[in-house]
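User: Please take me through this model feature by feature, with the general idea before each case.

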Amino acid sequence: MDKLKSIYSSAYSAVITILTVTAITVAAELSAEFKNWLAGFSGHHWVTKSYISLIVFALFFVFFFSSKKSVSDDETRKLLAVLQVFAVLGFIVVLAFYIYEFFSH
Amino acid sequence: MFEILTTKPVLIGLHLGFAILGIDAFLWLLGEVVAKAGSVRRRQVAAGVGLVGYALTWIVGGYYYVKFYGVLVKPVIKAGSAPWAHAIAMESKEHIFLFAIPIAVTIYFLSRLDANELESHGLRKGLTGLLLIAAGLGLSIGLMGFIISAAARWGVI
């Protein structure tokens, strides 16, 4: 497996997974219907979110890995920086959201 | 055997143990990368142990969370002196953890590069940052877990 392309594909998929998990988490707290809909798939909304995170990560990894012929050092380096930023931002957004939710109700 | 493994204290112990194993492995790999150590095999072992540790803590913790936490622990915390421990710490913990596996997989792929390749591709800084985030996520989630456990204890006192 092409080392650089696997790093690039994994980092890109990780960014998309973090975005997806953060969006679904906030949306499910704002909409009880959506949360129940998620729970309907596995019996628990968090289990469904876990499956979604794995599926999104795997699908996008395969997509990027198969669609890119080659990746440059620069592209990979930038993507690792983007992943770090999104991981930290995702952490802050989720934590801040639940702090806000607690104090606003 | 399965009956013992799925009892509440054992599940909590395994959840914590696998998390510590994962955090330690990523810190070990961080040391390898910072020291520009030459062994790719050692890097891959450290990254593999970190990834497996995080995956196992996810599975064991998830089983405990779905099977016991919501029914037995959550009501105690919500009725106790620190209901925020569930509303903020538990809710954040369970969702932020979902970031950890994609990051750990990316670290595993990066661990296949030796010190010279990391340097020539300019990826050493990126791997160092990701390792700090992976270990930091684990430690902050561990702190939230401590808060949740303490809140459950206060809830019944």
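The dialogue below covers one chain, a helix pair, the chain contact, the core and two single residues.

User: What kind of model is this, and how are its parts numbered?

Analyst: This is a predicted model, in which local features need pLDDT of at least 70 and side-chain atom pairs count only at pLDDT 80 or more, while totals for chains, interfaces and linings use all residues. Residues are numbered from 1 along each chain as its sequence is written, and chains are lettered from A and ligands numbered from 1 in the order in which they are written.

User: How many helices and strands are there in chain A?

Analyst: Helices (H or I, at least four residues) and strands (E, at least two) are DSSP runs, numbered from the N terminus. Chain A has 4 helices and 0 strands, in the order α-α-α-α along the sequence. Its radius of gyration is 16 Å, well over the 13 Å that the globule rule gives for 105 residues, so chain A is more spread out than a compact globule. That radius is taken over C-alpha atoms, and the rule is 2.2 Å times the number of residues to the power 0.38. The C-alpha trace of chain A spans about 50 × 30 × 15 Å along its principal axes.

User: At what angle do α1(A) and α5(B) pack?

Analyst: Two packed helices are described by the angle between their axes and the distance between the axes. Axes are lines fitted to C-alpha atoms, for helices over the stretch in contact, and angles run from 0 to 180 degrees between N-to-C directions. Here α1(A) and α5(B) pack at about 170°, with axes 9 Å apart. That makes the two helices, α1(A) and α5(B), roughly antiparallel (under 35 degrees is roughly parallel, over 145 roughly antiparallel, 65 to 115 roughly perpendicular, the rest oblique). Residues in contact have C-beta atoms, placed from the backbone, within 7 Å. Among those of α1(A) that meet α5(B) are Ile7(A), Ala11(A) and Ala14(A), and the α5(B) side includes Ile103(B) and Phe109(B).

User: How many residues does each chain give to the contact?

Analyst: Chain B gives 28 residues and chain A gives 36. On the chain B side, α3, α4, α5 and α7 each give two or more residues, and α4(B) has the largest share, with 8. The chain B side divides into 17 nonpolar, 8 polar and 3 charged residues (Ala, Val, Leu, Ile, Met, Phe, Trp, Tyr, Cys and Pro count as nonpolar, Asp, Glu, Lys and Arg as charged, and the others, Gly among them, as polar).

User: Which residues touch the most other members of the largest nonpolar core?

Analyst: In soluble globular proteins, nonpolar side chains tend to be buried together. A nonpolar core is a set of buried Ala, Val, Leu, Ile, Met, Phe, Trp, Tyr and Cys residues joined through C-beta atoms within 7 Å. A residue is buried if 20 or more other C-beta atoms, placed from the backbone, lie within 10 Å of its own, exposed if 12 or fewer, and partly exposed in between. The largest core has 73 residues, of which Ile103(B), Ile107(B) and Ala134(B) touch the most other members. α7(B) gives the most to this core, with 12 residues.

User: Is Lys36(B) buried or exposed, and where is its place?

Analyst: Lys36(B) is exposed, with 12 other C-beta atoms within 10 Å. The residue sits in the loop between α2 and α3 of chain B. Lys36(B) has a positive phi of about 55° although it is not a glycine.

User: How does Val76(B) count?

Analyst: Val76(B) counts as partly exposed, with 15 C-beta neighbours inside 10 Å. Val76(B) lies in helix α3 of chain B.

Note on methods: Contact = placed C-beta atoms within 7 Å.
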